[in-house]
Amino acid sequence: MRSMRRPVIAGVLAASAFAVLQTTSSGSQPARDYVVVYERGVSAAKGQDAVKDAGGKVVSVNKAIGVATVRSANKHFATDAAHERALIGAAPNQPIGHSP
């Protein structure tokens, strides 16, 4: 299962980042929610510091799987988060489908 985690997460993050780039205007944007994946073994405190460095604020954390919900008005948050060593990446928190 671990071997599939990174490629799947990377694919979701890449698709979401592309969608953000297509819809982001040059002006300021309102704060939006992101899903952020912590690197394996990163503490909640170090993850929160990395999120803050990227321009976000942690809203909630699922420690069991190393994922946080984050709010940021930084239009480059996903890119900035990807450069943080404590984080795998970030993607806008939005529905990706629906059930019939």
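**Exercise 1. Which backbone nitrogen does the side chain of Ser-72 reach at 3.0 Å?**

Ground rules before the solution: this is a predicted model, where local features need pLDDT of at least 70, side-chain atom pairs count only at pLDDT 80 or more, and totals for chains, interfaces and linings use all residues. Residues are numbered from 1 along each chain as its sequence is written, and side-chain values use heavy atoms, with hydrogens and water left out.

*Step 1.* Find the residue: Ser-72 sits in strand S3. Helices (H or I, at least four residues) and strands (E, at least two) are DSSP runs, numbered from the N terminus.

*Step 2.* Look for polar contacts, meaning pairs of N or O atoms within 3.5 Å; within protein, one must be able to donate a hydrogen and the other to accept it, and residues adjacent in sequence count only if both atoms are side-chain atoms. The backbone nitrogen you want belongs to Asn-74, at 3.0 Å from the Ser-72 side chain. A polar atom of that side chain also has the backbone oxygen of Gly-55 at 2.7 Å.

*Step 3.* Check the surroundings. Ser-72 is buried, with 2% relative accessibility; buried means under 20% relative accessible area, exposed over 50%, and partly exposed in between (1.4 Å probe, protein chains only). Leaving aside residues up to four places away in sequence, Ser-72 touches several others, including Gln-29, Pro-30, Tyr-34 and Phe-77. A contact here is heavy atoms within 4.5 Å.

**Exercise 2. Work out how the strands are arranged in the sheet.**

*Step 1.* Take stock of the elements: the protein has 3 helices and 4 strands, and along the sequence they follow the pattern α-β-α-β-β-α-β.

*Step 2.* Go through the pairs; two strands pair if DSSP finds at least two bridges between them. S1 and S3 are joined by 6 bridges and run antiparallel. Along that pairing, Val-35 stands opposite Thr-69, and Arg-32 faces Ser-72. S1 also pairs antiparallel with S4 (residues 87–92), through 5 bridges, and here Val-36 has Ala-90 as its bridge partner. S2 and S3 are antiparallel too, with 5 bridges; Val-61 is matched with Ala-68 in S3.

*Step 3.* Put the pairs together: the 4 strands make an open, antiparallel sheet in the order S2-S3-S1-S4. S2 (57–62) and S4 are the edge strands, each with a single partner, so one side of each has no neighbour in the sheet. On average, neighbouring strands are turned by 25° against each other, direction ignored. For angles, axes are lines fitted to C-alpha atoms, for helices over the stretch in contact, and values run from 0 to 180 degrees between N-to-C directions.

*Step 4.* Add the helix: H2 (residues 44–53) lies across S1, S2, S3 and S4, at about 135° to S1.

**Exercise 3. Find the salt bridge and place its two residues.**

*Step 1.* Apply the rule: a salt bridge is a side-chain nitrogen of Lys or Arg within 4 Å of a carboxyl oxygen of Asp or Glu. That gives a count of 1 salt bridge.

*Step 2.* Name the pair: the side chains of Arg-71 and Asp-33 meet at 2.8 Å, N to O. The two link distant parts of the chain, with Arg-71 in S3 (residues 67–72) and Asp-33 in S1 (residues 32–38), 38 residues apart.

*Step 3.* Ask how open the pair is. Both land in the partly exposed class: Arg-71 has a relative accessible area of 40%, and Asp-33 has 24%.

**Exercise 4. Locate Gly-41 and Gly-66, and say how far apart their C-alpha atoms are.**

*Step 1.* Gly-41 is in the loop between S1 and H2, and this glycine is exposed at 78% relative accessible area.

*Step 2.* Gly-66 belongs to the turn of the S2–S3 hairpin, which has 4 residues between its strands; its phi is positive, about 70°.

*Step 3.* Although 25 residues apart along the chain, the two glycines have C-alpha atoms separated by 8.3 Å.
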